[in-house]
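Please examine the sequence and the fold shown here before reading further. The paragraphs that follow lead from charged side chains to the strands that carry them, and then to the sheet.

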Amino acid sequence: NNPRVNIVAVIKTYEDYQANVNKWKNDIDFILFLGWSWIIPKEITAKYLCIGVHPSDLPAYRGGSPLQHQIIAGVLDSKVTLMTLSSEKLDGGEIWLKEDFDLRGDSIAEIFENLVKSSTILLQKFIDLYPNIKPIQPNLKEGSYHKRRKPENSKINTNHIQAISLRELYNFIRALTDPYPNAYLEDAEGNRLLFTGVKYIPKD
């Protein structure tokens, strides 16, 4: 709760969004999108300031599956970024603020807890500063862009295991714990062994 914030509406589904978007007044300061996976129409981004939280240190790890890509790459210390959402540039809008984000944890559930904490701090700082804060335009030639991972990308094969370290295998498995498609081994008959949890114990 923040006395400086007057919430006009809380939209939890795409259907709610479609049903209410044309009912909003023009004097809304901004629309905050959290965990939003749909493209926002240009007529909305042109009319309102649309902002969202992206779980990476933008412009690094733009695009799909940013959590999984970072964890698999071995990133431990990242950022959550508050950015302007655009109907044209995916994760390429202006950057308002960033906050430290810890990617340590044996499961995505643990990392989600870190994400909630970091996002809460980020949004509180933004609300305290707004409207006396100006965004900056990121250099999209820097950073990286990744495609959304598919379930078949979770497969572990023999060559994969032989080519990576135990820590890298640990990162691969923990990045794909629930609710994401779990890492798995598959035999010649199509039977699968799913990895729903993992723990890495380094040698003392």
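Which residues are linked in a network of salt bridges? In this predicted model, the network consists of Asp77, Asp102 and Arg104. The count of salt bridges comes to eight, and several of them can be followed from one element to another.

One of these joins aspartate 100 to lysine 79, whose side chains meet with an N to O distance of 2.5 Å. The pair links distant parts of the chain: aspartate 100 lies in strand S5, residues 95–102, and lysine 79 in strand S4, residues 77–84, with their positions 21 residues apart. How accessible are the two partners? Aspartate 100 has a relative accessibility of 49% and therefore counts as partly exposed. Lysine 79 is also classed as partly exposed, because its relative accessibility is 27%.

A salt bridge also connects S5 with a helix. The side chains of lysine 125 and glutamate 99 meet at 2.8 Å, N to O. Here too the pair links distant parts of the chain, since lysine 125 belongs to helix H4, residues 108–129, while glutamate 99 belongs to strand S5, 26 residues apart. Lysine 125, at 39% relative accessibility, counts as partly exposed, whereas glutamate 99 is buried, with a relative accessible area of 13%. The threshold explains this assignment: a residue is buried when its relative accessible area is under 20%, so the 13% of glutamate 99 places that residue in the buried class.

A further bridge is formed by glutamate 186 and arginine 192, the closest N and O atoms being 3.1 Å apart. Glutamate 186 is partly exposed, with a relative accessible area of 30%. Arginine 192 is exposed, with a relative accessible area of 52%; the cut-off for this class is over 50%, which means that arginine 192 falls within it.

The strands themselves come next. Strands of a sheet pair through backbone hydrogen bonds, either parallel or antiparallel. S4 and S5 run antiparallel and are joined by seven bridges. Within this pairing, valine 80 has glutamate 99 in S5 as its bridge partner; glutamate 99 is the residue whose side chain meets that of lysine 125 in a salt bridge. S4 is also joined to strand S2, residues 50–54, by four bridges, and these two strands run antiparallel. In that pairing valine 53 stands opposite leucine 82 of S4. S4 is mostly covered, as six of its eight residues are buried.

How are the strands ordered in the open sheet? The sheet has four strands in the order S1-S2-S4-S5, with mixed pairing. Its edge strands are S1, residues 31–33, and S5, each of which pairs on one side only. Neighbouring strands of this sheet are turned by 20° against each other on average, direction ignored. Helix H4 packs on the sheet and touches S1, S2, S4 and S5; the direction of H4 makes about 150° with that of S5. The salt bridge between lysine 125 and glutamate 99 thus links this helix to an edge strand of the sheet that H4 packs on.

How values were computed
Residues numbered from 1 in each chain as written. Predicted model: local features only at pLDDT ≥ 70, side-chain atom pairs only at ≥ 80, totals over all residues. Heavy atoms only, no water. Salt bridge = Lys/Arg side-chain N within 4 Å of Asp/Glu carboxyl O. Buried < 20%, exposed > 50% of the residue type's maximum accessible area, 1.4 Å probe, protein only. Pairing = 2+ DSSP bridges. Axes fitted to C-alpha atoms, helices over the stretch in contact; angles between N-to-C directions. Contact = heavy atoms within 4.5 Å.
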